[in-house]
Amino acid sequence: MSDSHAAEKSRAGSRDGGGPRTGPVTFFRQVMAELRKVVWPTQQELSTYFVVVMFFVLVLMAFVSILDLGFGKLAFMVFTGDLGQ
């Protein structure tokens, strides 16, 4: 029975973050302080990341399109009975 009491206590502590609630102004100040710590990418890094992501997305789009076309034709052949006999 003592285990369930401990579990309830830990759940209650994790629900509220373990400390007193802060107001919106304090929250905003803490967010701004954390954002100052962020290492922002340079313009060169940003453009490189953009090109890499766009290339990857285009390759995946082509791959999924080819699969879609192939499975669509296969389904059409199966359901129309035209299996090339």
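## Exercises on a three-helix chain

This is a predicted model: the mean pLDDT of the protein chain is 85, with 76% of its residues at 70 or more. Let's work through it together.

**Exercise 1.** Find out how many helices and strands the protein chain has, and in what order the elements run.

*Solution.* Start with the count: there are three helices and zero strands. Next, read from the N terminus on, and the order is α-α-α.

**Exercise 2.** Work out where in the protein chain confidence is lowest and where it is highest.

*Solution.* Begin with helix α1, residues 2-15: confidence is lowest here, at a mean of 55. Then turn to α3, where confidence is highest, at 96.

**Exercise 3.** Compare the reach of helix α2 and of helix α3 with the expected value.

*Solution.* The expected span is 1.5 Å times one less than the number of residues. Take α2 to begin with: residues 24-37 give 14 residues, and the reach from first C-alpha to last is 20 Å, close to the expected 20 Å. Now take α3: residues 43-80 give 38 residues, reaching 55 Å, close to the expected 56 Å. Finally, look just past α3, where Gly81 follows with a positive phi, near 80°.

**Exercise 4.** Decide what share of the protein chain is buried, and how many residues of α2 are.

*Solution.* Recall that buried means under 20% relative accessible area. Of the 85 residues in the protein chain, buried ones make up 0%. Within α2, the count is zero among 14 residues, so this helix is hardly covered. To finish, the accessible surface of the protein chain is about 8,300 Å², and 69% of that belongs to carbon and sulfur atoms.

Technical notes
Residues numbered from 1 in each chain as written. Predicted model: local features only at pLDDT ≥ 70, side-chain atom pairs only at ≥ 80, totals over all residues. Heavy atoms only, no water. Helix = DSSP H or I, 4+ residues; strand = E, 2+ residues; numbered from the N terminus. Buried < 20%, exposed > 50% of the residue type's maximum accessible area, 1.4 Å probe, protein only. Areas by Shrake-Rupley, 256 points an atom, 1.4 Å probe, with all protein chains shown as cover. pLDDT = per-residue confidence, 0-100.
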